[in-house]
Amino acid sequence: MAKMTLEELRKLRSSQKSEMERRDVDGKETHIIVGMGTCGIAAGAKMALDSFLDAIKANDLKDVVVKQTGCMGLCYSEPTVEVKVPGMPDVIYGNVDAAVAKEIVEKHIIHKKMVENHIQDKPAGDIIK
């Protein structure tokens with residue numbers, strides 16, 4: 001195995017630090033929670049997670065955190081993702097592939113409009129203010 005130079009180690013630390021900051025919860029109000037249970041991973045949740053991270057980085061969204069959780073109990077619609085945005089109801093999306101993840105970031109996170117054709121669960125209309 002080749003040894004890394006000090007400069008290579010610094011670059012690696014810098015790149016990993018920015019990746020870890022995206023997962024830091026402090027001061028971030030918008031949460032994207034990806035179901036990474038066995039069923040989710042088998043259905044492609046890792047690709048959805050990576051797509052969320054790429055879209056957040058591409059749009060330079062500083063107040064969004066991406067987290068992982070286990071199975072959400074909606075195995076029939078994996079990969080599942082819960083999105084919490086201040087001022088909007090919490091929504092669980094299903095069948096989230098890489099393209100849908102980018103659509104969720106564009107519509108739900110940036111433009112505050114839900115991606116209606118992938119919603120699996122949200123509060124009833126009379127509960128939403």
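User: Is His-108 buried or exposed in this model?
Analyst: Good place to start! This is a predicted model, in which local features need pLDDT of at least 70, side-chain atom pairs count only at pLDDT 80 or more, and totals for chains, interfaces and linings use all residues. Residues are numbered from 1 along each chain as its sequence is written, and side-chain values use heavy atoms, leaving out hydrogens and water. Buried means under 20% relative accessible area, exposed over 50%, and partly exposed in between (1.4 Å probe, protein chains only). His-108 has a relative accessible area of 0%, so His-108 is buried.

User: Which side chain makes a polar contact with the side chain of His-108?
Analyst: His-108 is found in helix 4; helices (H or I, at least four residues) and strands (E, at least two) are DSSP runs, numbered from the N terminus. A polar contact is a pair of N or O atoms within 3.5 Å; within protein, one must be able to donate a hydrogen and the other to accept it, and residues adjacent in sequence count only if both atoms are side-chain atoms. At 2.6 Å, the partner is the side chain of Tyr-93.

User: Where does Met-114 lie, and is Met-114 buried or exposed?
Analyst: Met-114 sits in the loop between helix 4 and strand 5 (119–121). Among the residues that Met-114 touches, not counting those up to four places away in sequence, are Tyr-93 and His-108, where contact means heavy atoms within 4.5 Å. Its relative accessibility is 17%, so Met-114 counts as buried.

User: Which element supplies the largest share of the largest nonpolar core?
Analyst: A nonpolar core is a set of buried Ala, Val, Leu, Ile, Met, Phe, Trp, Tyr and Cys residues joined through side-chain atoms within 4.5 Å. The largest one here has 28 residues, and those with the most contacts inside it include Ile-32, Val-34, Phe-52 and Tyr-93. Strand 1 (30–35), helix 3 (45–58), strand 2 (64–69), strand 3 (81–84), strand 4 (91–93) and helix 4 (98–110) each supply at least two residues. The largest share, seven residues, comes from helix 3.

User: What distance separates the end C-alpha atoms of helix 3?
Analyst: The expected span of a helix is 1.5 Å times one less than its number of residues. Helix 3 has 14 residues, so it should span 20 Å. The end C-alpha atoms agree with this, being apart by 20 Å.

User: How many residues of strand 1 are buried?
Analyst: Thr-30, Ile-32 and Val-34 point one way from strand 1, while His-31, Ile-33 and Gly-35 point the other way, and all are buried. The strand is mostly covered, and the buried count out of its six residues is six.

User: Which residue of strand 3 stands opposite Val-34?
Analyst: Two strands pair if DSSP finds at least two bridges between them. Strand 1 runs parallel to strand 2, joined by six bridges, and pairs with strand 3 in the antiparallel sense over four bridges. Opposite Val-34 in strand 3 stands Val-81.

User: How many disulfides does the structure hold?
Analyst: A disulfide is a pair of cysteine sulfur atoms within 2.5 Å. For Cys-39, the nearest cysteine sulfur is that of Cys-75, 3.5 Å away; for Cys-71, it is also that of Cys-75, 3.4 Å away. Neither Cys-39 nor Cys-71 is in a disulfide, and the number in the structure is zero.
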